[in-house]
Amino acid sequence: MRFIRILLVLLLVAIVGFYFIERADSTADTSTKNISNTVIKERDSLLKSKVVPKRPVITDGGEIFQWIGKNPEVLIEQLGEPVRKDKSAYNYTWWVYSNQKDQYLQFGVAEDEIITVYGIGEALDIKPIKIGQSRQEVKQAISKLQNDFDYSEEVSYTEGISSYSFQLKEEDVTKRPLIKLADDVFLQAYFDTFTDRLSSVRLLTGDVLLQHRPYAIEYRGDLPTESSFSREEWEEIETGMEKQIYDITNIIRTIHNNPKLKVEENVSTVAFTHSKDMAENNYFSHYSQDGSGLKERLAVESVYYTAAGENIAAQYPDAPSAMEGWLNSEGHREALLNDDYTHIGIGVYQFYYTQNFLERPE
């Protein structure tokens, strides 16, 4: 009888111990969930711990790949002073370099570090790839650095305890695939879908990619907070984007053997007024809410022309991305590459963009 009592006591102790172990495990799991956040949907694969081999930064590639993480003083030593410095809508300043012909570069500098680079032009040193290469040629070149490389609809990024999965639609993979070069370095390859050739490239860190949010994201953790600006600061940002659109427009026209365009200030006023009107009244159209179109808007400024055209865009993260959007849209592309146009006006209001083109006899 005494032996049976001892067995019962031991059994009770075991049950209580098991209960506390289960409670402890449950509490730990709950605390983990409390520090997480998920957008779109939560996938089991995002919850699993996985060791991914580190990707080496490209050390034998073209010059452009060497700049991420460098101090901008090195940039000045090698390339000289920039043509200008443009404030961006993010936490960095664009340092702009251009020969106005076949090479145009924007270096994003934050806290004495280069964190993003955008480049366009046939003279860019971006080995092992090259502006003008086909999609297949770019794939083969990247495959020399990453075995079995292919364009992917899902690209991952981890920062501390936060994890992110960039979800690319079929259109994204076609126009601007995202390629992971290192743990915290990504390449956006912008393709001209009308020629299936590489148009421009952008290198950026994971943090910059999260700020831009050009793709859908599934994530656990936090996203960077969006910056807020005064109207005075926005004016500085908008002026910079207008200049970038002008520069990139002429580089693209040069690549396609079109004559360069001249800026017409009163036409830029027309373009800015339309961008602002769309932003403030929450619409997106070539026609203003009173029914007036480009013809009427140009008439207000007494603009003389023999032919005119207009491109508009909205909610692109910056000027280079808006330009690539226009290049890959048939109607906008026709305006952008029209041989007959001689002048241009550009107006940006926050993330609303307008180009007005004119044909005017000299």
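In which loop does Gln315 lie? In this predicted model, Gln315 is found in the loop that runs between strand E12 (307–314) and helix H10 (319–327). The phi angle of Gln315 is near 70 degrees, a positive value in a residue other than glycine. With a relative accessibility of 53%, Gln315 counts as exposed, because the cut-off for that class is over 50%.

A positive phi is also found at Asn282, where the angle is about 55 degrees although the residue is not a glycine. Asn282 belongs to the loop between helix H8 (265–281) and helix H9 (294–300). The relative accessible area of Asn282 is 65%, and the residue is exposed.

A further feature of the backbone concerns a proline. The peptide bond joining Lys127 and Pro128 is cis, with omega at about 15 degrees. Pro128 is placed in the loop between strand E4 (113–120) and helix H4 (135–143).

The protein chain as a whole contains 11 helices and 14 strands. Of its 362 residues, 46% count as buried. The area exposed by the chain is about 19,000 Å², of which carbon and sulfur atoms supply 50%. When contacts between residues at least 6 apart in sequence are considered, 61% of them join residues at least 24 apart.

Helix H7 spans residues 231–255 and includes Arg253. Arg253 is buried but has no salt bridge. The nearest side chain of opposite charge is that of Asp339, at 5.2 Å, and Arg253 therefore forms no such bridge with Asp339, since a salt bridge requires a separation within 4 Å. Asp339 is nevertheless among the residues in contact with Arg253 when neighbours within four places in sequence are left aside. The other residues in that set are Asn258, Pro259, Lys260, Leu261, Ala335, Leu336, Leu337, Asn338 and Tyr341.

Internal empty space was also examined. Rolling a probe the size of a water molecule over the atoms shows where such space is left. The structure holds two cavities of 30 Å³ or more, and the volume of the largest cavity is about 40 Å³. Its lining is made up of Lys87, Ser88, Ala89, Tyr90, Trp94, Ile237, Met241, Gln244, Pro317 and Asp318. Helix H7 supplies the largest share of this lining, with three residues.

Conventions. Residues numbered from 1 in each chain as written. Predicted model: local features only at pLDDT ≥ 70, side-chain atom pairs only at ≥ 80, totals over all residues. Heavy atoms only, no water. Helix = DSSP H or I, 4+ residues; strand = E, 2+ residues; numbered from the N terminus. Buried < 20%, exposed > 50% of the residue type's maximum accessible area, 1.4 Å probe, protein only. Lys, Arg positive; Asp, Glu negative; His and termini not counted. Contact = heavy atoms within 4.5 Å. Areas by Shrake-Rupley, 256 points an atom, 1.4 Å probe, with all protein chains shown as cover. 1 Å grid on protein atoms, 1.4 Å probe; cavity = no way out; pocket = protein on both sides within 12 Å on 5 of 7 lines; lining within 4 Å. Points joined across faces, edges and corners; volume = space filled by probe spheres on them.
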